[in-house]
Amino acid sequence: MAVYKGEVSTLPPDKSISHRAALIGALASGVTEITNFSGGFDNQSTLEVLQACGITLTQEVTPSERSGSVRRVVIESQGLWSFSRPETPLMCNNSGSTMRMFAGILAGQPFDSTLVGDVSLMKRPMKRVADPLRLMGAGVSLSESGTAPVEIRGTRDLRPLIYELPVPSAQVKSLVAFAALHADGESRVIESLPSRNHTELMLGLPVEELADGRRAVVISGRRPLEARPFHIPADPSAACFLIALALLVPGSEILLRDVCLNPTRAGYIDLLLEAGANIVLENVREIGGETIGDIVVTHTASLEPLRITDKAVVANIIDEIPMLAVLSACATGSFDLEEAGELRTKESDRISAVVSNLERLGFLCEEYPDGFRVKGRELEVSGKVNIETFHDHRIAMSFAVADRALEAELDISDREIIGVSFPNFFDILEELKA
Ligand SMILES: O=C(O)C1=C[C@@H](OP(=O)(O)O)[C@@H](O)[C@H](O)C1
Ligand SMILES: C=C(OP(=O)(O)O)C(=O)O
């Protein structure tokens, strides 16, 4: 069996922070330089939509970067109202973050626009986008089933809003914050469960702790935003796949450099440590409000099964759950998940996607509306097993790790979809193979 060893300093830059850096650059006055911007398809969609709205930007591949997936992006803008009416519908491809966060900005622009996506994105729920924006005074129409196309009648007269998030979603929190930057007055977004807080950190927004323990993000509308540089750390959600691989494959030991360890993103590392994983964090420091560090991970033969039933934990590890489920199933034959209905609203229905593929690998699973259980492995499969990715990058990479860990012969459909967040995933696996 191959062993995975070595140091990785070419993880993709964080997808969430890359989106926000580009959007904030377009909302700020002046020249924003973003270094280590992700070349992943989703982040490229955000840049394309910005350009379609008349924002001036350039990007160049960083010469020292072998994979060619890291860029330097320079955005020039005159501030909040520098966007112009797009001539055609804005294509967000596979990126829910692009569609939802852009909707917040477009609501505050004095023109009509339409956001569309690929087959997967056109099925994802957008009522959560329309509801707060309508309350602020923008016109938003959706398909009958509450999905894109998202047609926005923007206005320069958006009203401020106090909004309690109906779902623990950082995308919804951020789209309300972006809209509120355009509104005349102070807005508050209240979240009952913490979700990733990059928007608050990057915009320097005050966060209040309410008497009942919830948090309110405070946004002062029409406050001038000055351009500032951003450097994007490596993506912890991408790191998760390599961590799982090293934990599963005997003899493996890898070092991942300069990974974002923001506590609203790194819950999966705590969970793995509790399960006995050999993971050590080194060189942990703060840069630009984000916690960053190196991760050393060594094969762990005696991992405890993962059991995830706490809503707050689910919100923190939402993108890592497919990989954690596959890891726990492969290492221990067991996995439990509840309170994770949101997984059905991602690029695929990630509950049924993970369950159906684990079943193809011989695992016994029980699916519920908000989660599933893995109850053991009925049989070791032999010969080629087809894995259906459902056009979902995280499903493709989770099972690519299982392929190597189980030494199975998995035929993964649509492998190129990994480019959505981790274009050099297979290159790094080859480089680490000892
Ligand atoms: O804000 C973000 O950058 C993201 C928030 C999460 O989505 P939700 O806000 O829908 O939970 C996550 O799944 C997505 O990959 C990125
Ligand atoms: C859910 C994801 O992204 P988005 O919502 O931006 O498509 C993801 O990357 O797992």
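Which helix gives the most residues to the shell around ligand 1? In this predicted model, that helix is α5 (residues 170-182), which supplies 3 residues. The full shell of ligand 1 consists of Ser16, Ser97, Ser169, Ala170, Gln171, Ser174, Arg196, Ile318, Asp319 and Glu342. Sorted by class, these residues comprise 2 nonpolar, 5 polar and 3 charged. Both parts of the protein chain take part in this site, as domain 1 (5-10 + 233-432) and domain 2 (15-231) each provide at least three residues of the shell around ligand 1.

The second ligand has its own surroundings. Asp42, Ser95, Gly96, Ser97, Asp319, Lys346, Glu347, Arg394 and Ser421 are placed around ligand 2. No nonpolar residue occurs in this shell, which is made up of 4 polar and 5 charged residues. As with ligand 1, at least three residues of the shell around ligand 2 come from each of domain 1 and domain 2. Ser97 and Asp319 appear in the shell of ligand 1 and also in that of ligand 2.

The division of the chain underlies this description of both sites. The protein chain is split into domain 1, which covers 5-10 + 233-432, and domain 2, which covers 15-231. Taken over C-alpha atoms, the centres of the two domains are 27 Å apart. Their contact involves 24 residues of domain 1 and 22 residues of domain 2. On the side of domain 1 that touches domain 2, helix α9 (residues 311-316) gives the most, with 3 residues. This side of domain 1 contains 6 nonpolar, 11 polar and 7 charged residues.

Two helix pairs were examined. For helix α2 (residues 41-52) and helix α3 (residues 96-107), the axes come within 8 Å and cross at roughly 35°. The crossing of this pair is right-handed. Asp42, Ser45, Thr46 and Val49 form the α2 side of the contact, while Ser97, Thr98 and Phe102 form the α3 side. By class, the contact of α2 with α3 holds 2 nonpolar, 4 polar and 1 charged residues. Asp42 and Ser97, both part of this helix contact, are also listed among the residues surrounding ligand 2.

In the other pair, the axes of helix α10 (residues 321-332) and helix α11 (residues 350-360) come within 10 Å and cross at roughly 25°. Because angles under 35 degrees count as roughly parallel, α10 is therefore roughly parallel to α11. The crossing of α10 with α11 is right-handed. The contact is formed by Ile321, Pro322, Ala325, Val326 and Ala329 on α10, together with Arg350, Val354 and Leu358 on α11. The residues of this contact divide into 7 nonpolar, no polar and 1 charged.

Two features of the backbone were also noted, each placed in a loop. The peptide bond joining Ala148 and Pro149 is cis, with an omega of about 5°. Pro149 belongs to the loop that connects β7 (139-141) and β8 (150-153). Arg222, although not a glycine, has a positive phi of about 60°. This residue, Arg222, is located in the loop between β12 (215-220) and β13 (230-231).

Terms used. Residues are numbered from 1 along each chain as its sequence is written. Chains are lettered from A and ligands numbered from 1 in the order in which they are written. This is a predicted model: local features need pLDDT of at least 70, side-chain atom pairs count only at pLDDT 80 or more; totals for chains, interfaces and linings use all residues. A residue is near a molecule or strand if its C-beta atom, placed from the backbone, lies within 6 Å of it. Ala, Val, Leu, Ile, Met, Phe, Trp, Tyr, Cys and Pro count as nonpolar, Asp, Glu, Lys and Arg as charged, and the others, Gly among them, as polar. Domain bounds come from an automatic or database domain assignment. Axes are lines fitted to C-alpha atoms, for helices over the stretch in contact, and angles run from 0 to 180 degrees between N-to-C directions. Helices (H or I, at least four residues) and strands (E, at least two) are DSSP runs, numbered from the N terminus. Angles under 35 degrees count as roughly parallel, over 145 as roughly antiparallel, 65 to 115 as roughly perpendicular and the rest as oblique. A crossing is left-handed if the near helix is turned anticlockwise from the far one by less than a right angle, and right-handed if clockwise. Two residues are in contact if their C-beta atoms, placed from the backbone, lie within 7 Å.
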